[in-house]
Amino acid sequence: MTKKIDKRLLYVSSFLIPVFLYTIIFALHGIYPFGDNTVMTGDMQYQFIDYLSYLKTIVFGNNDFLYSFSKNMGGGMSGFTAYYYLSPVNLITLLFPSKWLPVAEGLVILITAGMMSLTFMILLDNEYGDYAGLLIFSTGYGMTGFFATYFQLTIYFGNLILFPLIILGLLNLIKNPKNNKLYFVTLFLAILFNYYSGFMICIFCTLFFISRCLIEKETLFAEKRILPVTCSFILTSAAAGLLTSFSLVPAVLSLSGEKNNLAVGFFRTFSISQFPGQFLSGSFIGNVSTGLPNVYCGEAVLLLFVLYFFNKRYSKRERLVYAVLFLFLIVNMYINTLNVIWHGLNQPIGFPFRYSYMLSFLMLFLGAKELVNPDKERILLPVFIMTMLIEGYLILMHGKIGSASSHIFYLNILIVFFCGVSLMSSVLIKFKYFMPVICAIAVIQVVDLTSNAWSVFNYFNLASITVYQNYLEKTGSQIEIAKETATEENIGMFRLEKYYRRTNNDAMQFDYAGLSHFSSSEKKDKINFIGKLGFRNNGNWTFYNEATTKFIDSFFGIRYILSQHDFTYNHYDLVKAKKSCYLFENKEALPIVFTAKDQLTDINYNGYGNDPFALQEAFATGLNGKENDIFHQAKVIGVELDNLRENENETEKIYKKIDNNKDGWITWNLKITEKMNLFGYFDAPETQNAELFIDETDTGDYFSTYRWNIVSLDDHEPGETVRIRIKVKDNSLKLTNVLFYYEELDHTDKLMNEIKADYSYIEKITSSHLKGEVTVSEERPLVVMSLPYDPAWQVKVDNKKIEINRAAGMLLSFNADEGRHSIEMRYIPKGRFAGNTISLVVSLLVIYYILWSRKKIK
């Protein structure tokens, strides 16, 4: 039996130990303030930092949680808020300016590690007593392989902290069905903080509840508690879930139409021979997209967990039930169909086992139970066998599992050996886990956990705080000038875009209306719409990229452009020059609200195949009902193949290399006939490895993750012959269509000035409340907003609510009489009233139940 210590010291120690250990790891990796690195990597770098910067504009600015113009063309925020913003750890980041957010996230990781350890200690203390040895397990939870590997997923941190308290509340409920308050409050908070992670917790709670009821079956039936306990569990769980309806109902309705990754195929997700290695230090090898489950929690814990099942002080039924639960969780990770169920019937994009920490939790929970009440007579042989088996597995699988580092391999060998020796010594010297043995195991656990977390960080490219801050200063100052200029010129709402990026979420970082965005809660139809117009669409996000036509820039109201070059392809006016960051103005850009012909409503953006130029020309016609002749197809006078053989089927052309050791080239020779902007677009069935050349100038990759869109092919003089070339870098390349078009800028300017002749103006009161004016002419009775259609928008014209419709299959529009009108728009998320009503009713029922219970006690 391990020694008891003061509860306050136990709790403080449980918090400080992982904080101290992670501080050492930060120092070793040069993470600020110990160097220039930050914890910013992966999703934290490309998503969450920008989201947190935008959160500051919600709390301290005029944006709100209902709608955002920084998500593609604009979009509701209910689903986004419920998934990304409600974790309590986000509150810490509000104390820091945007340029210090990476440092704030480092602090969040330290605090979360400490809080995870503390809440797990509270659970262990309530179940097993205030023993010093339990620090081995609380630290193990605060530094699990899951947390060390998924440290960039701060959106789940709140629930990782809450999880032990939820289980404690569930155990209290099983002991006394009336003692359900802790379970109710913590489960409610878990679902509120992150519904996705909360859903997984609900599944585990159900499995854990069934397991405990099977273990305590005789007692529950003898004391006639089985029915009250079951009813209490079901009703309390339901009430906790329903109480979140004010957030959950609008979120669920908001996410309808979100990208769907349903993939419930029945197949294994990993090789079972590699899985045991996941319990060992250094098991992570840098793959968060398709890697194995992260279940590591310390090798000392692994031995104690196994010992638990040999401990006859606990009933066979208990040990059998926990063994089944443990194996069931592994089977759920192993079989894709079951794994997908845990992830809400959607195949996760990266981080494929987001509930694997629950397996670590179970090991830590039962390992602690073994430590405080060991079966001394059944330790020596099981520990010896387990030590030999693990050592043998490590030697047999060396180089096939975990880190390739020889240091980690030998460290694992030593850790397992010393753990085994320490546990066996407690028997040989005839003491029950006396303090020197406990201390030895604790030291081993600290070394083990620290080395694992250190090795995990080695695999990540940690972003520089200096580079991040320089980018914010350079780009942010130019964006502020754009905003000030727009205010001085009384432009009202406008969009801004860039020919470069830090991430696809720069619009959220700098709080401007743009067209680029990436999140897990974006609508698929909106992404497809933007992609059909020639922007980069990879299925999960859209990206403006380096250029597109002036027509579509103007149509979407892109008033300002930031370029890393001292020119723009569409010859916009320079506003402010700054090294590597030039601000340009497109004075022909339409306001966000404008008028058009009714025929714009008849356009089906899916009806033009994959020809973005034809679709844009249709938009132009829909604006004024005329043939504007903006785009002219360029003439290809010949196609040349170098080291390629062409094959063609009904849908595509396939170019295969003749000699795989040499480069392959496709060259289109264009005879320039007009002095206009020349653009190109290449359609293909999938991403491929290729580069695009203009004559001999390499413009960069194409058909790639970030570059597969309309591209400018420069300006040329009539009579020139231009060679547009694609270098095939793989053994073959597929093409479905090749398009070359001129844009006649005079025609674009003429059309935009014609539409702008009817005065319109819109300003943002908040991100979900707009006000403005529009002048409607007899020729153009349709009022169009370059925002995605969403029935949650309530529009009033001259203080009268009107019906809204779709234009071009995607845009918000409505009809108005001829003349000048005032407009007011408010975004009210669908389901908000129903969600609020459900939450209110449940709240009243809970209050009634509490009052009734107190009255009954009296």
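**Cavities, a helix and aromatic pairs in a predicted model**

The structure, a predicted model, holds five cavities of 30 Å³ or more.

Me: Which residues lie closest to the centre of the second largest cavity?
Reply: The second largest cavity encloses about 70 Å³ of space. Its lining comprises five nonpolar, four polar and four charged residues, and β3 (495–498) and α22 (506–510) each contribute at least two residues to that lining. Of the 13 lining residues, the closest to the centre are Glu497, Lys498, Thr503, Tyr512 and Ser516.

Me: Around the axis of α12, how many degrees does the arc of its buried residues cover?
Reply: Helix α12 (residues 226–243) has 18 residues and reaches 25 Å from its first C-alpha to its last, close to the 26 Å expected. Its buried residues are Val229, Ser232, Phe233, Thr236, Ser237, Ala239, Ala240 and Leu243. These residues lie on the same side of α12, because the arc that they cover around the axis is only 165°.

Me: Which exposed residues does α12 carry on the face turned away from its buried side?
Reply: Exposed here stands for a relative accessible area over 50%. On the face of α12 turned away from the buried side, the residues that qualify are Leu227 and Leu235.

Me: How many residues apart in sequence are the parts that the pair of Tyr471 and Tyr500 ties together?
Reply: Tyr471 and Tyr500 form an edge-to-face aromatic pair, with 6.1 Å centre to centre and 85° between the planes. Tyr471 is buried at a relative accessible area of 10%, and Tyr500 is buried at 11%. Since Tyr471 lies in helix α21 (residues 465–488) and Tyr500 in the loop between β3 and α22, the parts tied together are apart in sequence by 29 residues.

Conventions:
Residues are numbered from 1 along each chain as its sequence is written. This is a predicted model: local features need pLDDT of at least 70, side-chain atom pairs count only at pLDDT 80 or more; totals for chains, interfaces and linings use all residues. Side-chain values use heavy atoms; hydrogens and water are left out. On a 1 Å grid over the protein atoms alone, a cavity is a set of points where a 1.4 Å probe fits but cannot get out, and a pocket is an open set with protein on both sides within 12 Å along at least five of seven lines; lining residues have an atom within 4 Å of a point. Grid points are joined across faces, edges and corners, and a volume is the space filled by probe spheres set on the points. Helices (H or I, at least four residues) and strands (E, at least two) are DSSP runs, numbered from the N terminus. Ala, Val, Leu, Ile, Met, Phe, Trp, Tyr, Cys and Pro count as nonpolar, Asp, Glu, Lys and Arg as charged, and the others, Gly among them, as polar. The expected span of a helix is 1.5 Å times one less than its number of residues. Buried means under 20% relative accessible area, exposed over 50%, partly exposed in between (1.4 Å probe, protein chains only). The arc is that of the directions from the helix axis to the C-beta atoms. Rings of Phe, Tyr and Trp (its six-membered ring) pair if their centres lie within 6.5 Å; planes under 30 degrees apart count as stacked, over 60 as edge-to-face and the rest as tilted.
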